[in-house]
Amino acid sequence: MLPIMSLLKLEDVHVHVEQKEVVKGVNLKVERGEVHVLLGPNGSGKSTLLRAIMGLPGYGVTRGKILFEGRDLDSLKPYERARLGIALMHQNPKPISVKLQQVIEELCKRYGAPQDLVQKLGVNGLMDRELFKGFSGGEIKRVELALTILQKPKLAMLDEPDSGVDLGNLRLVGDAINSLANEGASILLVTHTGVIADYLNKVDFTHVIVDGRIVASGELNEMLNLIREKGYQAFMRWTS
Amino acid sequence: MSLAEELARGGAIFYVQRNYEIVRQVIAKSLIEKGVVLEPLSSAVKKGWVDKLLWTVLPAREIEPKGAFVYIPPYVKVQAPVSFCFTVDKGSQSVHNVLVIGEGSEVTVTSVCSSAGDGKEHKGYTEVFLGKRAKLDYVMVHSWAKDTRVEAELGVIVDSEAVMNELYVSLRSPYELRGNARFILRKKASLSASTIYLATLGRALLETGVTIESENSSAEVTSRVVAAKGSIVRQPILLEAKAPNTKGHVECKGLQLSHDSVIETIPSLRSAHGGAQLTHEAAIGKISEEELAYLTSKGFTEDEAVTLLVRGFLELGIKGLPESLKPQITSILDLLARAATG
């Protein structure tokens with residue numbers, strides 16, 4: 001009988017950015033259909049971890065392994081990882097000199113997704129605009145989420161989908177993440193405020209990352225309550 | 001049914017000239033009935049129709065009047081495009097066209113100029129007289145064999161309250177091109193002029209001059225130049241205002257795809273009246289690593305990402321053209337992006 005592979009498995013992953021170690025030995029398993037929330041203060045290594053999984057330049061894994069469906073991603077370029085089913089919703093992307101319409105058309109062609117899949121995210125009014133140029137915080141998040149959905153990912157990594165988003169847009173963003181999960185995608189969601197958690201239908205595991213290490217894992221509300229009461233300092237002792 | 005006849009049934013004008021020979025000259029009956037005229041320019045000269053117009057917008061040249069003359073009477077809306085095609089495949093070709101568009105008329109003109117085989121030289125001069133309250137969408141597409149030398153000039157008078165949207169696209173650059181487009185704007189006139197130039201060879205001089213002569217007029221000049229493979233592109237743009245309550249903006253951007261290419265953009269503003277508002281922006285750069293990283297993270301290979309970025313760069317330089325031309329423009333942009341990165 002073949003062993004059942006985790007969708008994503010991180011084994012003692014260390015990541016350096018500009019010669020500084022930012023992620024310091026992370027172990028994590030994400031199974032199919034699971035929703036994981038990664039909480040942590042600014043600068044704790046959450047975004048760096050997602051970018052390293054995506055294979056972005058400048059985020060080199062210096063030790064450990066990233067396995068996706070049992071396959072070591074080390075030698076794969078970002079586009080190859082994306083084509084395996086990994087999608088990254090970037091936190092604050094810079095303007096891209098292409099109209100949104102064009103990017104959406106190309107993604108639909110590549111992944112065979114129908115364009116109306118993202119109708120609810122209300123991006124139609126932005127189609128003729130240069131991607132992200134002059135977009136509001138909410139517009140950036142809705143568009144990035146739309147592009148992530150069009151990739152029909154097996155694993156959607158969402159980097160701060162709630163930062164800079166007003167209450168009206170938070171509902172939209174939350175609903176879209178729930179739809180992604182309902183479609184069977186696994187979610188690895190990074191947030192430093194935890195605001196988006198109120199809008200999610202389910203969270204299977206919550207992890208707290210401090211100073212490049214996962215220092216606690218457990219139930220969402222338990223973690224959030226501890227952070228709200230005592231701050232991330234409550235977890236600092238785990239890192240020493 | 002031939003393409004020309006089909007187009008004619010749709011109510012169009014179709015004119016094809018190979019070297020100095022007129023290959024096709026078709027005008028729909030419905031347009032003739034409305035008083036629209038398509039004639040060889042030589043014939044219009046003989047009939048004395050254009051005496052007062054020839055070489056009034058462009059500097060006079062000593063060439064035979066070999067080209068087309070089109071007249072659209074006042075208040076005629078021509079639905080299908082007026083299409084010109086000029087090609088040179090042997091020796092040299094000189095073309096002189098005159099377009100007169102009457103008051104309140106509306107028309108779209110597409111003009112394709114190309115060379116092949118032994119076509120060594122093309123000289124094209126087009127003078128356009130756009131009447132009061134008239135509207136003209138003008139798309140000019142060039143595609144040249146590498147050994148061709150090209151001189152292309154466009155001169156336009158945009159009369160009061162008239163609107164002109166112009167797009168010049170070069171699909172394949174020749175070894176030498178001298179282009180010059182000049183526009184004169186009268187009262188409350190509006191101009192949007194865009195240049196899309198892909199240089200993969202040779203030298204190009206792309207001059208644009210806009211003179212806003214009268215009040216309450218506006219002009220927007222946009223250009224996108226992509227240079228690769230040792231090509232050199234120089235682009236002086238002068239926007240001049242001589243009247244109050246006028247607005248003008250020049251935006252020129254260059255994208256270098258190779259280290260041995262040269263782009264020089266020279267946007268100039270000249271205001272001869274205190275009530276003018278003129279602005280410009282210019283930038284030259286290469287494909288950004290950050291943009292590439294973003295697109296590859298979405299599943300595009302580096303080559304696909306570059307093609308997408310070049311296409312986007314060019315597309316963002318097109319302004320003002322009607323939705324009806326979108327399919328053609330889309331095809332052109334796809335071709336250009338592939339040619340730039342191929």
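User: What's the average pLDDT for chain B, and how many of the residues score at least 70?
Analyst: This is a predicted model, and chain B averages a pLDDT (the predictor's confidence in each residue, from 0 to 100) of 93, with 97% of the residues at 70 or better. As for ground rules, local features need pLDDT of at least 70, side-chain atom pairs count only at pLDDT 80 or more, and totals for chains, interfaces and linings use all residues. Residues are numbered from 1 along each chain as its sequence is written, while chains are lettered from A and ligands numbered from 1 in the order in which they are written.

User: Which elements of chain B have the lowest and highest mean pLDDT?
Analyst: Helix H1 (residues 3-9) of chain B has the lowest, at 53, and S8(B) has the highest, at 98. Helices here are DSSP runs of H or I with at least four residues, strands are E runs of at least two, and both are numbered from the N terminus. Where pLDDT is low, the predicted coordinates should not be read in detail.

User: And what ipTM and pTM does the complex get?
Analyst: The predictor gives an ipTM of 0.95 and a pTM of 0.88.

User: OK, S8(B) then. Why is it called largely enclosed?
Analyst: Because 8 of the 10 residues of strand S8 (residues 149-158) of chain B are buried. Buried means 20 or more other C-beta atoms within 10 Å of the residue's own, exposed means 12 or fewer, and partly exposed is in between, with C-beta atoms placed from the backbone.

User: Which strands does S8(B) pair with?
Analyst: Strand S6 (residues 106-130) of chain B pairs with S8(B) in the parallel sense over 10 bridges. S8(B) also pairs with strand S10 (residues 176-185) of chain B, again parallel over 10 bridges. Pairing requires that DSSP finds at least two bridges between the strands.

User: Which residues are the bridge partners of Val150(B)?
Analyst: His122(B) has Val150(B) as its partner in S8(B), and in S10(B) the partner of Val150(B) is Leu177(B).

User: Back to S6. Is Thr126(B) buried or exposed?
Analyst: Thr126(B) is found in strand S6 of chain B and counts as buried, because it has 25 C-beta neighbours inside 10 Å.

User: What is Thr126(B) in contact with?
Analyst: Asn97(B) and Leu154(B), leaving aside neighbours within four places in sequence. Contact means C-beta atoms, placed from the backbone, within 7 Å.

User: Where does Leu58(B) lie?
Analyst: Leu58(B) is in the loop between helix H3 (41-46) and strand S4 (68-72) of chain B. With 17 C-beta neighbours inside 10 Å, Leu58(B) counts as partly exposed. Leu58(B) touches Tyr125(B), Glu127(B), Glu153(B) and Gly155(B), not counting residues up to four places away in sequence.

User: Switching topic: how many residues meet at the interface?
Analyst: 17 residues of chain B are in contact with 23 residues of chain A. Helix H4 (289-297) and helix H5 (302-315) of chain B each supply at least two residues of the chain B side. That side divides into 7 nonpolar, 5 polar and 5 charged; Ala, Val, Leu, Ile, Met, Phe, Trp, Tyr, Cys and Pro count as nonpolar, Asp, Glu, Lys and Arg as charged, and the others, Gly among them, as polar.

User: Which residues touch the most other members of the largest nonpolar core?
Analyst: Met157(A), Ile187(A), Leu130(B), Val158(B), Ala199(B) and Val226(B), out of 171 residues. Strand S5 (residues 82-101) of chain B gives the most to this core, with 8 residues. A nonpolar core is a set of buried Ala, Val, Leu, Ile, Met, Phe, Trp, Tyr and Cys residues joined through C-beta atoms within 7 Å.

User: What does Ile187(A) touch?
Analyst: Among others, Val35(A), His36(A) and Ala156(A), not counting residues up to four places away in sequence.

User: What's in chain A overall?
Analyst: Chain A has 7 helices and 12 strands, and 45% of its 240 residues count as buried. Four of the strands form an open antiparallel sheet in the order S2-S1-S4-S5. Strand S2 (20-30) and strand S5 (71-72) of chain A stand at the edges with a single partner strand each, so one side of each has no neighbour in the sheet.

Notes
Two residues are in contact if their C-beta atoms, placed from the backbone, lie within 7 Å.
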